[in-house]
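User: I should like to understand how the terms used for a protein model are justified. Please take me through the reasoning, one term at a time.

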Amino acid sequence: MRGVGEGRWRRAVSQAGRSVTVWAVSTVTMLVLAGILPDFRLQSPDGDSATTIAVTAAAGAGVFGVLSALAWPLLVRLLLLVPALVLGLLVFFLNGSLLLLALRLNPSGQSEAAPETAVIVAAVMSAVASATGGALAVRDDDAYRRRLYRLADRRRGSGPPCPATHGTVFLQLDGVGHDVLAAAVGKGLMPTVAKWLGAGPRATARPTHRLTPWRTDWSSQTGASQLGILHGSNFDVPAFRWYEKDSREVMVCNRPTSAAELQRRAVERTADGGLLSADGASRGNLFGGGADEQALVLSIATRRRSRATRSRAGYFAYFSDPANAVRTALSFVAEAGREIGQSTRARLRRQRPRVARGGLYPFIRAFATVVERDVVVAAVMGDMLAGRSAVYADLVAYDEVAHHSGPLGRDTEQVLARLDRSLALIENVADHAPRPYRIVVLSDHGQSPGETFRARYGLSLGDLVRAGCGLPVPRRARRTHSGAEARATVRAALRRPVEEGDEQHRPARRSEPIVLASGNLGLVSFPDVPHRMSKEEIDARHPALLPTLANHPGIGFLLVRSEEHGGVVLGAHGAEIPLDRLDEEPGPLAGFGPGAAQAVRRTHTFPHTADIMVNSFHDPADGEVLAFEEQIGSHGGLGGAQSKPFLLSPLALSAPAEDGEDLTGAEQIHRVLRRWLRESDGPQVPLETARQERAA
């Protein structure tokens with residue numbers, strides 16, 4: 001008991017010493033800023049002695065510190081009502097407001113600052129205080145542990161003691177392909193991953209992890225992949241966005257209502273809550289995975305939940321510490337400035353391909369690469385220190401930047417280096433956790449480079465479809481070579497001219513198609529027909545449409561239902577291959593790699609597959625595709641690196657697949673992760689499910 005009491009006294013004295021030191025450094029910082037900034041003063045207009053000025057600074061720094069500790073958590077609760085994108089900018093304003101209040105409460109009454117100057121002073125003081133406190137605590141494991149608990153705001157309370165078995169952390173690097181990761185390791189950009197693999201320029205230790213590629217479904221995007229990984233089924237998810245004729249709604253994977261519905265369907269189909277259903281946590285994901293603890297999860301964003309599980313609770317957990325708020329806000333501004341500089345450089349150098357990166361995009365990028373990363377990493381650290389059995393978190397930074405800067409290049413390499421530092425931080429936190437942890441890193445898809453369909457041909461996929469239907473198209477699209485060819489095909493098919501302004505022969509408005517894009521995958525649906533149209537029905541209504549699409553040089557192949565063959569793949573020069581013959585005669589799928597036929601056949605079975613599924617051209621030589629969206633790094637269809645993500649797993653776990661066996665589809669990845677959780681004695685699955693997984 002005496003040793004315990006002495007330990008408590010030592011910790012109390014150490015904490016008091018750190019607090020006094022931080023206060024002293026903050027006082028000095030305030031004095032320096034008062035001497036530099038013209039609109040910030042700590043003395044009366046008539047002048048004061050040095051002692052009086054020092055006391056005024058000490059009082060101001062102390063009041064500001066107390067206000068930050070007491071008022072900031074309440075302010076952050078109010079910030080939960082504010083759109084997350086502007087959260088970083090509001091931090092500066094609120095911190096400056098606290099400083100102005102502190103100056104007014106200063107007993108000397110002699111300090112004042114202009115509002116814009118107060119924002120600067122508050123930001124600098126918070127950053128200095130955070131750096132000082134971190135430096136003092138860096139050699140104190142107990143202080144470090146307590147700080148991480150406070151940052152993540154994850155305490156188990158009076159729950160049962162933490163088990164001694166291994167916990168598992170799954171970290172998803174959104175959009176990072178297998179080859180991109182391997183190249184980054186080879187260049188020395190990701191030393192943490194290189195250390196795990198025993199690879200890279202300075203490899204000295206034996207590897208602790210293995211790197212395994214896997215192949216996505218046709219819909220190579222986060223919605224389909226993460227639903228399959230977390231919930232074991234991504235059946236009937238044909239794309240990132242698609243039209244459902246029965247409900248007459250467009251489903252979009254990153255829309256909260258759609259995400260909630262997709263999760264409900266997956267749970268209903270599998271009769272299981274998900275990968276994280278026992279003592280799990282879901283952080284920054286589209287779906288919850290059945291976790292008890294959920295933060296920044298899209299599928300619960302529209303529901304009223306408890307404080308512990310509501311979607312945006314993670315923001316409060318992180319930003320309740322003012323030092324976190326200021327540090328992230330400064331990084332937010334720096335990242336927005338970095339994007340503006342990089343886009344300006346690309347424009348001046350006339351880089352090709354290139355897409356517009358103005359407007360709000362610099363702030364959207366900064367949110368994805370800074371705010372989301374910092375909040376999710378802090379939440380994962382808190383989960384580990386709380387001893388949770390399974391954690392799944394998504395880091396979206398690379399995916400966001402690669403869409404606009406391309407998957408290869410200096411911009412994305414910088415993002416990969418920062419993601420590696422996040423992995424290193426999480427690895428270090430594992431040393432302070434109450435149980436051992438195994439860290440699994442994976443991606444949900446890759447990205448394929450290439451210019452946009454519109455940039456190459458001067459019209460969108462929607463324009464081409466309308467032209468093939470004989471519908472009016474914008475003048476700029478009519479003047480392109482593709483638009484002229486489409487109109488010529490219509491004239492030939494209808495055996496009559498189709499001229500501009502010809503209203504007499506235009507189809508009724510109800511027959512106009514809905515055209516949606518998901519990367520380099522396009523979907524064409526006719527909403528006035530309640531069922532999935534067949535090739536024969538489409539030819540009867542729009543005889544030029546399918547030939548126009550199939551023969552366009554920017555389109556690789558089409559999938560349509562056939563009354564004669566069940567389903568067919570269409571390609572250029574009249575190619576028409578029934579699905580059951582694709583293995584012997586791949587036809588248009590020949591250049592799309594192994595597994596393409598299987599992926600297409602599976603999608604054909606979905607109830608909500610579009611009337612026409614359109615996959616863009618793919619060049620096997622350089623891996624380029626043509627996105628139907630304004631992205632020069634895209635994913636969502638077949639072709640190139642987008643279909644080849646990775647799985648980085650500890651050697652202590654069983655191999656994800658037998659030698660020579662390919663990992664195919666997100667549902668198989670779910671079964672692998674389930675097996676690893678059982679090996680770690682983590683969340684258990686029903687015996688019947690285990691038998692099915694072993695049989696599969």
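Analyst: We may begin with the surface. This is a predicted model, and the accessible surface of the protein comes to about 29,500 Å², of which 55% belongs to carbon and sulfur atoms. Of the 696 residues, 54% count as buried. The secondary structure consists of 23 helices and 21 strands.

User: What makes helix 13 "mostly covered"?

Analyst: A residue is called buried when its relative accessible area is under 20%. In helix 13 (residues 397-405), 9 of the 9 residues are buried, and therefore each of them falls under that cut-off. Among them are Tyr398, Glu400 and His403.

User: Which elements cover the buried residues of helix 13?

Analyst: The cover includes helix 6 (178-186), helix 12 (361-385), strand 9 (390-395), helix 14 (410-430) and strand 20 (633-634). After helix 13 comes Gly406, which has a positive phi near 95 degrees.

User: How do you know that strand 14 and strand 15 pair?

Analyst: Two strands pair if at least two bridges are found between them. Strand 14 (residues 555-562) and strand 15 are joined by 5 bridges, so the condition is met, and they run antiparallel. Arg561 stands opposite Gly567 of strand 15. A hairpin of 3 residues connects strand 14 to strand 15.

User: What makes strand 15 and strand 16 a pair as well?

Analyst: The requirement is again at least two bridges. Strand 15 and strand 16 (residues 576-578) have 3 bridges in the antiparallel sense, and therefore they pair. Val568 has Pro578 as its bridge partner in strand 16, and Leu570 stands opposite Glu576. The hairpin of these two strands has 5 residues between them, and His573 there takes a positive phi near 60 degrees.

User: Is strand 15 mostly covered or mostly exposed?

Analyst: Strand 15 (residues 566-570) is mostly covered, for 4 of its 5 residues are buried.

User: Why are strand 12 and strand 16 said to stand at the edges?

Analyst: The open sheet has 6 strands in the order 12-13-17-14-15-16, with antiparallel pairing. Strand 12 (514-518) and strand 16 each have a single partner strand, so one side of each is left without a neighbour in the sheet. From one strand to the next, the twist averages 20 degrees.

User: How do you know that helix 16 packs on the sheet?

Analyst: Contact requires heavy atoms within 4.5 Å. Helix 16 (residues 461-468) touches strand 12, strand 13 (521-525), strand 14 and strand 17 (612-616), and its direction makes about 150 degrees with that of strand 12. Helix 21 (residues 596-604) lies across strand 14, strand 15 and strand 17, and it runs at about 40 degrees to strand 14.

User: What makes Val28, Val32 and Ile36 a nonpolar patch?

Analyst: Membership demands over 30% relative accessible area and no salt bridge, and nonpolar side chains are joined within 5 Å. Val28, Val32 and Ile36 form such a patch on the surface, with about 280 Å² of accessible area together. Val28 is found in helix 1 (residues 2-36).

User: How much of the contact in the protein joins residues at least 24 apart?

Analyst: Among contacts between residues at least 6 apart in sequence, 71% join residues at least 24 apart.

Note on methods. Residues numbered from 1 in each chain as written. Predicted model: local features only at pLDDT ≥ 70, side-chain atom pairs only at ≥ 80, totals over all residues. Heavy atoms only, no water. Buried < 20%, exposed > 50% of the residue type's maximum accessible area, 1.4 Å probe, protein only. Patch = residues over 30% accessible without salt bridge, like charges linked within 9 Å, V, L, I, M, F, W, Y side chains within 5 Å. Areas by Shrake-Rupley, 256 points an atom, 1.4 Å probe, with all protein chains shown as cover. Salt bridge = Lys/Arg side-chain N within 4 Å of Asp/Glu carboxyl O. Axes fitted to C-alpha atoms, helices over the stretch in contact; angles between N-to-C directions.
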